[in-house]
Structures are given as structure tokens and as C-alpha cells.
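Okay, thanks for squeezing me in. Let me put the structure up, and then I'll walk you through the parts I'd like us to look at together.

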Amino acid sequence: MPHEDAVFPPGSIIGILGGGQLGRMTALAAARLGLRCHVFCPEADSPAARVTDAATVAAYDDEKALRAFAAQVDVVTFEFENIPADAVRLMADLVPVRPGARALEISQDRLREKAFFNGIGLETAPWREVDGPESLSRAVAEVGAPAILKTTRLGYDGKGQVRVDPGTDLAGAWRGFGADVGVLEGFVDFEREISVIVARGIDGAWAAFDPVENRHANHILDTTTAPAVLAPSLALQAIEAARRSAEALDLVGLLAVEMFVTRDHRLLINEMAPRPHNSGHWTMDACLTDQFEQFVRAVCGLPLGSPERHSDAVMTNLIGDDFNLWPEILAEPGARLHLYGKTEARPGRKMGHVTRLNRTTTA
Ligand code: AMP
């Protein structure tokens with residue numbers, strides 16, 4: 001493939017598909033390294049566009065706009081995984097795209113994702129593809145209940161997850177589900193949820209941030225605690241799972257892998273995202289190189305930085321009205337506030353985050 005090992009030095013222009021806070025924080029990190037960013041997204045006045053040199057406001061299926069964008073940038077990446085794969089494939093014919101379309105296509109689809117993990121020897125919760133009420137009842141018989149019926153595609157906010165318990169009316173559950181195909185997943189009685197973010201460079205070099213523990217509220221990440229309290233062997237196993245996934249995808253960029261730690265101390269892989277991740281925001285304040293800079297370095301073919309953690313940290317998302325806490329957070333010694341420049345604090349909307357540091361207590 002052409003451009004496979006092209007390097008983009010300071011002064012180059014990174015094209016970012018997507019204009020949210022992940023693009024914004026990527027652009028800020030890029031600016032610090034003397035790189036420029038051009039954002040492409042359908043929304044005017046996006047959080048990322050507010051801090052970048054250039055922005056294109058157009059739909060992801062606007063081929064003309066995509067071609068014009070490709071002509072103005074040196075390398076393309078994306079900051080969320082619901083970008084239509086067609087747009088990424090079109091880009092890839094015109095300009096280097098890192099990570100490539102394959103990582104995107106697998107992570108966009110839960111079925112492919114689970115098959116991918118199992119195919120490289122990583123354990124997931126038991127799962128079955130389901131495409132109707134009969135296959136649902138077969139799947140429940142095989143996987144057991146409780147279980148969760150999920151849509152295969154992400155980005156279905158609110159829609160898409162139906163819990164199946166022993167005795168649940170399966171025909172009714174299928175009708176309520178509303179999609180043509182889904183994945184039934186055994187319910188994991190987990191001890192904790194963790195994630196690992198690994199960076200991989202064009203030369204195959206890799207660097208992982210410490211595994212962290214994530215707690216959710218209303219299906220949205222609430223806090224990330226770094227590091228996760230884990231037996232050292234399990235922490236190594238988690239890092240190895242993320243590294244192996246990035247390697248198998250031949251990924252250049254970042255890969256965030258979310259996992260369950262079961263009560264009997266096994267790791268089950270839940271899902272992955274080939275981009276910076278909310279559970280890596282703590283790295284901005286607690287690591288020598290943060291996830292956004294690491295992402296920029298990888299995408300531009302530059303050497304990876306040290307992911308070393310110099311402080312323990314707890315990151316808390318500011319969702320919706322939590323935004324109004326900003327004066328108190330600013331007044332709190334040691335709290336590091338990050339706001340995303342969004343004007344409207346709608347319920348469930350990520351408005352910013354705060355990181356609170358502690359001196360490192362664990363190796
Ligand atoms: P997901 O949409 O797969 O990211 O799931 C969102 C959250 O729902 C996860 O972070 C877990 O807290 C919970 N969850 C998802 N799948 C399972 C499962 N199989 N068993 C138990 N909890 C789950």
C-alpha cells in the first residue's frame with residue numbers, strides 16, 4: 001500500500017473526521033506539536049472546529065466535500081466510529097488514513113467485533129447472533145439468562161439494549177427490540193469494568209497506558225480511576241489483550257479496549273474503539289504523554305511518547321447540568337477542569353470533565 005510509512009512532521013495538516021470533544025482535544029495536542037488540523041463534520045460550530053485552523057461542514061456522504069477535504073490535508077483520522085465506512089474508504093484512495101477502514105468496520109459492528117476478539121483467542125461473554133424470535137429463543141437456551149440483547153451497530157442512543165431474564169416473554173422482547181439483527185450476550189456479573197488504551201506506531205512500536213477502572217451511571221461513563229486496582233498479572237493480561245488486538249488489526253493510532261473483570265478474576269473483552277477514548281482523559285493531567293498527543297504522534301508516524309503515569313487520578317465526567325459546577329471546580333485546589341465549549345447543556349451530553357490527582361501510590 002502506498003504511504004504506509006509516510007511521516008508527517010510539524011507543519012503538516014491532519015484531517016479529522018468528526019467534530020466532538022475528542023477531535024477538539026486531539027487538535028489542541030496537535031497544535032502543541034506544531035501540527036495543524038482540519039475538521040470535517042456535519043455540524044456547524046462543533047467543539048473541534050472552534051479550536052482548529054480549518055473546518056468543513058458537510059455530510060459524511062457528500063463525496064464532493066470529502067474529495068475537497070482530502071485535497072487539503074496530509075493524513076486523515078477519525079474521532080468517532082460512526083463515520084460511514086464508505087467515506088473512510090473513499091478517503092483512503094486519496095490520502096493516508098490512520099487507522100484504516102478495517103479497524104473502523106470491525107469496531108462499528110458488535111458481531112464482527114466479538115468474532116474478531118474470539119478469533120485472536122480473547123474471551124468475551126458468550127454470545128449469539130439473533131435475527132428473529134426463534135433464533136432469540138435458541139440463543140437464550142444456549143447462552144443462558146440473564147442476558148442482554150444488543151443492536152449490532154453503535155450509536156443507537158437509548159435504543160438497542162434489552163435485558164432478557166429467565167421467564168422473559170421472548171417474542172415481546174424481540175418486538176420491543178426494533179432492529180432486524182442483534183447479538184444476545186450473556187450477562188456478566190462483573191467485579192469491575194476496566195479499559196486499556198494502547199498506541200501503535202507505523203513501525204509496530206506500541207505503548208499502553210495503565211489499565212483503569214470505569215464506573216458508569218445511566219449507561220454513560222461517570223468516573224475513571226487510574227490505576228485500576230488489579231493483581232499485577234491481570235493488569236499485564238489486560239495490556240496484552242489490547243496490544244494483541246491492535247497488532248491483529250495492524251492498527252496505526254490508538255485502540256481503547258473495554259473489559260470486564262469477573263468475580264473469579266478472568267478478563268472478558270466487551271468492546272473496542274479505534275480512537276481516543278473517554279476513559280483516557282485522565283492521561284492529560286497524570287501522564288508524561290497524554291492519549292491525544294500519543295494519537296497525534298501515531299497518526300503522523302512520529303515516535304510514540306512515554307505513557308508513564310506520574311500521578312494517580314480520578315476523572316469525573318461533567319454531564320448535562322454538571323456543567324454548572326464549574327465555579328466550584330475552579331475553586332478546588334488541584335482539580336483540573338476541561339470544558340468542551342458546548343453552548344447547550346442537554347441531559348446526557350458530555351460538557352467537560354474534571355481530573356483530580358493524587359500522588360502516585362502504586363508502581
Ligand atoms: P456497551 O453498550 O456494550 O458498552 O455496554 C454499556 C455498559 O452496559 C457496560 O459498560 C456495562 O456496564 C453494561 N454491560 C454491557 N454488556 C454487559 C454484559 N454482557 N453483562 C453485564 N453488563 C453489561
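Let's begin at the ligand. Its shell is made of 14 residues, and the closest ones are Lys150, Glu185, Val188, Glu193 and Glu271. Keep in mind throughout that this is a predicted model.

What sort of residues make up that shell? It's a mix: five are nonpolar, four polar and five charged. If you'd like to find them by secondary structure, go to strand 6 (147–151), strand 8 (182–186), strand 9 (190–200) and strand 14 (267–273), since each of those supplies at least two shell residues.

Now the polar contacts. Glu193 puts a polar side-chain atom 2.5 Å from a ligand oxygen. With Lys150, the separation between a ligand oxygen and a side-chain N or O atom is 2.8 Å. Then there's Arg110, where a side-chain N or O atom sits 3.0 Å from an oxygen of the ligand. As for how covered the ligand is, on its own it would expose 470 Å², and the protein buries 88% of that.

Let me zoom out to the domains for a second. The chain splits into domain 1 (13–97), domain 2 (126–186) and domain 3 (190–358). So where does the ligand lie relative to those? Domain 2 and domain 3 both contribute to its shell, so the ligand lies between them. For a bit of scale, the centres of domain 1 and domain 2, taken over C-alpha atoms, are 35 Å apart.

While we still have Arg110 in mind, have a look at Asp109. You'll find Asp109 in the loop between helix 4 (101–107) and helix 5 (110–119). Is Asp109 buried or exposed? At 10% relative accessibility, Asp109 counts as buried. Its side chain has a polar atom 2.9 Å from the backbone nitrogen of Leu111, and the Asp109 side chain also reaches the backbone nitrogen of Arg112, at 3.1 Å.

Next up, aromatics. Searching the whole structure turns up six aromatic pairs. One of them is Phe40 with Phe69, an edge-to-face pair at 5.2 Å centre to centre and 65° between the planes. That pair ties together distant parts of the chain: Phe40 is in strand 2 (residues 36–41) and Phe69 in helix 2 (residues 63–72), 29 residues apart. Phe40 is buried, with a relative accessible area of 0%, and for Phe69 the value is 0%, so Phe69 is buried too.

Another pair is Tyr60 with Phe80, and this one is tilted, with 6.1 Å between centres and 45° between planes. Here too the pair links distant parts of the chain, 20 residues apart: Tyr60 in the loop between strand 3 (54–57) and helix 2, Phe80 in the loop between strand 4 (75–78) and helix 3 (85–94). Tyr60 is buried at 12% relative accessible area, whereas Phe80 comes out as partly exposed at 27%. Put the rings together and you get a cluster of Phe40, Tyr60, Phe69 and Phe80, linked by ring pairs.

Okay, helix 10, residues 291–299. Why do I call it largely enclosed by the rest of the structure? Because nine of its nine residues are buried. Among those buried residues are some charged side chains, for those of you who like that sort of thing: Glu293 and Arg297. The list also includes Phe292, Phe295 and Val299.

The ends of this helix are worth a look as well. At the N-terminal end, Asp290 acts as the cap, with a side-chain oxygen 2.7 Å from the backbone nitrogen of Phe292. After the helix comes Gly301, which has a positive phi, near 75°.

Two last stops, both towards the end of the chain. Arg349 is in the loop between strand 16 (335–339) and strand 17 (350–359), and it counts as partly exposed at 23% relative accessibility. How far is Arg349 from Ile220 in space? The C-alpha to C-alpha distance is 9.5 Å, with their positions 129 residues apart in sequence.

And then Val354, which is in strand 17. Val354 counts as buried, at 1% relative accessibility. Its C-alpha atom is 19 Å from that of Ala27, and those two are 327 residues apart along the chain.

That's my tour, so over to you.

Notes
Residues are numbered from 1 along each chain as its sequence is written. This is a predicted model: local features need pLDDT of at least 70, side-chain atom pairs count only at pLDDT 80 or more; totals for chains, interfaces and linings use all residues. Side-chain values use heavy atoms; hydrogens and water are left out. A residue is near a molecule or strand if one of its heavy atoms lies within 4 Å of it. A polar contact is a pair of N or O atoms within 3.5 Å; within protein, one must be able to donate a hydrogen and the other to accept it, and residues adjacent in sequence count only if both atoms are side-chain atoms. Accessible areas come from the Shrake-Rupley method with a 1.4 Å probe; for residues, only the protein chains shown count as cover. Helices (H or I, at least four residues) and strands (E, at least two) are DSSP runs, numbered from the N terminus. Domain bounds come from an automatic or database domain assignment. Rings of Phe, Tyr and Trp (its six-membered ring) pair if their centres lie within 6.5 Å; planes under 30 degrees apart count as stacked, over 60 as edge-to-face and the rest as tilted. Buried means under 20% relative accessible area, exposed over 50%, partly exposed in between (1.4 Å probe, protein chains only).
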